[in-house]
Amino acid sequence: MHQRPALATAFVAPTTDLQSDLAAMVREIVGIGEVGVDDNLFELGFDSLLAHRLIGLMQERLTISVPLRRVLEAPTVGELAKFVEATRFAKSLRKKSRR
């Protein structure tokens, strides 16, 4: 594992299980020891291929489909966690309305 590079944003540790899970996936992909919730993934070394790898891990581990556009537009653990939470909430509402 490499150290977190010097970034313009200060390190903010994950505070939820979901943020921790996403940060762990990013760490696994880029080999960085610490990933903060506000760190820009592309400043950590991401490119479109690694973004696709993250999307695959999210599909596998969180059972959620994330469009590449979402990662490109909001490339932080915090923003991705918000997307996952909103998607899960919308799915739960749809399930309730079907009953």
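What percentage of the 99 residues of the chain count as buried?

**View 1. The whole chain and its buried share.** Here 37% of the 99 residues count as buried, where buried means under 20% relative accessible area with a 1.4 Å probe, protein chains only. This is a predicted model, so local features need pLDDT of at least 70 and side-chain atom pairs pLDDT 80 or more, while totals for chains, interfaces and linings use all residues. Residues are numbered from 1 along each chain as its sequence is written, and side-chain values use heavy atoms, with hydrogens and water left out.

**View 2. Four helices, zero strands.** The chain has four helices and zero strands; helices are DSSP runs of H or I with at least four residues, strands are E runs of at least two, and both are numbered from the N terminus. The C-alpha trace spans about 50 × 25 × 20 Å along its principal axes.

**View 3. A look along helix α4.** Helix α4 takes in residues 77-98, which is 22 residues. From first C-alpha to last it reaches 32 Å, close to the 32 Å expected at 1.5 Å a residue (1.5 Å times one less than the number of residues).

**View 4. The buried side of the story for α4.** Seen up close, the buried residues of α4 are V77, G78, L80, A81, F83, V84 and T87. They pack against α1 (17-30), α2 (48-62) and α3 (68-73).

**View 5. Contacts across the chain.** Counting contacts (heavy atoms within 4.5 Å) with a separation of 6 or more, 63% come from residues 24 or more positions apart.

How values were computed: Buried < 20%, exposed > 50% of the residue type's maximum accessible area, 1.4 Å probe, protein only.
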